[in-house]
Amino acid sequence: MTTTPDGTLSATVLEIQRMSTEDGPGIRTTVFFKGCTLACTWCHNPESLDTRPQIQWVDSRCIGCRLCVEVCPVGALSFDEGVRIDREKCTACGTCVEECPSTAMELLGRRWSVDDLVAEVIKDKTYYETSGGGITASGGEATMQAPFVAEFMRRLREAGVTTALDTCGQTSWGNLEAILPHTDILLYDLKLMDDEAHRTFTSHTGERPRDNLRRVAAYRRTHETPHTLWIRTPIIPGATDAPANIRAIGEFIAAELDGVVQRWELCSFNNLCRDKYLRLGMVWDFHEAELIPKATMESLAAVAADSGVDPSIVHWSGVTRLEEDAANGEEQTKVRKIDCC
């Protein structure tokens, strides 16, 4: 987050995703802010990790004209069975994006002012009103640009739009406290309870997210906002999917957050981000990982429901692994539709 010479707040936004049904109730527009305070090895949005804009090449759109190579002012591009990006040289100036005739070159990240971003997302207000939806600030980690997000969401609530903040909790309490007064719904990640495992898989322990969540619970008991708190746990094979981890998270919710959590969502792993890593020249630790079987998700949901929380708050969602159907011998995709998260 920065300010322009005239004092206007601006922030780097990765993407504005309309018609979303996975980031809070109803039909929503999710604003993905760039930059993250964690480095989860399973991250499904690797393009959101870096605070800076980035260039990516989409091979399926490329016509091989090499114009991008010719116009790059710093010589960061070459062509060898496709465009190669020297990320040490690339400044993400966007020249190649502007000149590419087939939109194969994309700029990930754009500066927005509060005025312009509010005007853009408010266009879909009718959808929010009719579906019970609204705007979700996500990332990356939206609290990295807290002054902008706070003002953005304040303006939206003034316009009658419901707001949600999606956070991993790895941030200062000051950043959270600045945004909470303007947040109707808080979506908060609890990934791993073992601190060493949390550090291994995310680069930090879970101490700060837990401490901040305790503060959120206390804040909710004395303030009108956020009026809704959802806990979300990504179920990642070999990382967060141990029954002991799920039980420990449930015990924490029951002991520390009693009565303030409306929903605990277990979100099944998906591998649709493989190409994102390839386009960014990054290695993904979960490239070979398979989807989780439906039976595993149901079993983990049962563990969660038996962990001391109110069982009615436990839900699971997402696509699960193709499995053999015992009745007809056919493979079917086992899907539980995300109904509000």
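This report walks through a predicted model of a protein, starting with the whole chain and then moving to a few of its parts.

**The whole chain**

Let's begin with the overall build. The protein's secondary structure adds up to 11 helices and 17 strands. Its radius of gyration is 21 Å, and the globule rule gives 20 Å for 341 residues, so the protein is as compact as a globular protein of that length. If you draw a box along the principal axes, the C-alpha atoms fill roughly 60 × 60 × 40 Å.

Burial is the next thing to look at: 50% of the 341 residues count as buried. The accessible surface comes to about 15500 Å², and carbon and sulfur atoms make up 48% of that surface. As for contacts with a separation of 6 or more, 68% of them are between residues 24 or more positions apart.

**Helix H9 and what covers it**

Now pick out helix H9, residues 243-256. At 1.5 Å a residue, its 14 residues should span 20 Å, and the end C-alpha atoms are indeed 20 Å apart, which agrees. The buried residues of H9 are Asn245, Ile246, Ile249, Gly250, Phe252 and Ile253. They cover an arc of only 155° around the axis, which puts them on the same side of H9. Turn to the face that points away from this buried side and you find the exposed residues Ala244 and Ala255.

What covers the buried residues of H9? The cover includes helix H8 (207-222), strand S12 (228-235), strand S13 (263-268) and helix H11 (294-305).

**Helix H8, a neighbor of H9**

H8 can be checked in a similar way. Its 16 residues should span 22 Å at 1.5 Å a residue, and its end C-alpha atoms are 24 Å apart, which agrees. The buried residues here are Pro209, Arg210, Asn212, Leu213, Val216, Ala217, Tyr219 and Arg220. These pack against helix H6 (173-179), strand S11 (185-189), H7, S12 and H9.

**Thr233, inside strand S12**

Strand S12 has turned up in the cover of H9 and among the partners of H8. Thr233 sits in this strand, and with a relative accessibility of 0% it counts as buried. Which residues does Thr233 touch, leaving aside those up to four places away in sequence? The answer is Leu190, Lys191, Ile246, Ile249, Trp264, Glu265, Leu266 and Cys267. Two of these, Ile246 and Ile249, are among the buried residues of H9. Cys267 is 34 residues from Thr233 along the chain, with 6.0 Å between their C-alpha atoms.

For another pair, take Cys93 and Tyr128: they are 35 residues apart along the chain, and their C-alpha atoms are separated by 35 Å. Cys93 lies in the loop between S6 and H2, where its 44% relative accessibility makes it count as partly exposed.

**Strand S4 and its partner**

Strand S4 covers residues 54-57. Gln54 and Gln56 point one way from it, Ile55 and Trp57 point the other way, and all of them are buried. S4 runs antiparallel to strand S7 (residues 105-108), and 4 bridges join the two. Within this pair, Trp57 stands opposite Met105 in S7.

**Backbone details in the loops**

A few loop spots have backbone angles that deserve a look. Two cis peptide bonds come up here, one from Gly139 to Gly140 and one between Thr225 and Pro226. There are also two residues with a positive phi that are not glycines, Ala92 and Ser203. Here are the angles together with their places:

| Spot | Angle | Loop |
|---|---|---|
| Gly139 to Gly140 | omega near 10° | Gly140: between S9 (134-138) and H5 (146-158) |
| Thr225 and Pro226 | omega about -10° | Pro226: between H8 and S12 |
| Ala92 | phi near 55° | between S6 (83-85) and H2 (95-99) |
| Ser203 | phi about 85° | between H7 (195-202) and H8 |

Are the two positive-phi residues buried or partly exposed? Ala92 has 16% relative accessibility and so counts as buried, while Ser203, at 37%, counts as partly exposed. The loop that holds Ala92 lies between S6 and H2, and Cys93 is found in the loop between S6 and H2 as well.

How values were computed: Residues numbered from 1 in each chain as written. Predicted model: local features only at pLDDT ≥ 70, side-chain atom pairs only at ≥ 80, totals over all residues. Heavy atoms only, no water. Expected span 1.5 Å × (residues − 1). Buried < 20%, exposed > 50% of the residue type's maximum accessible area, 1.4 Å probe, protein only. Arc of directions from axis to C-beta. Contact = heavy atoms within 4.5 Å. Rg over C-alpha atoms; globule rule 2.2 N^0.38 Å. Areas by Shrake-Rupley, 256 points an atom, 1.4 Å probe, with all protein chains shown as cover. Pairing = 2+ DSSP bridges.
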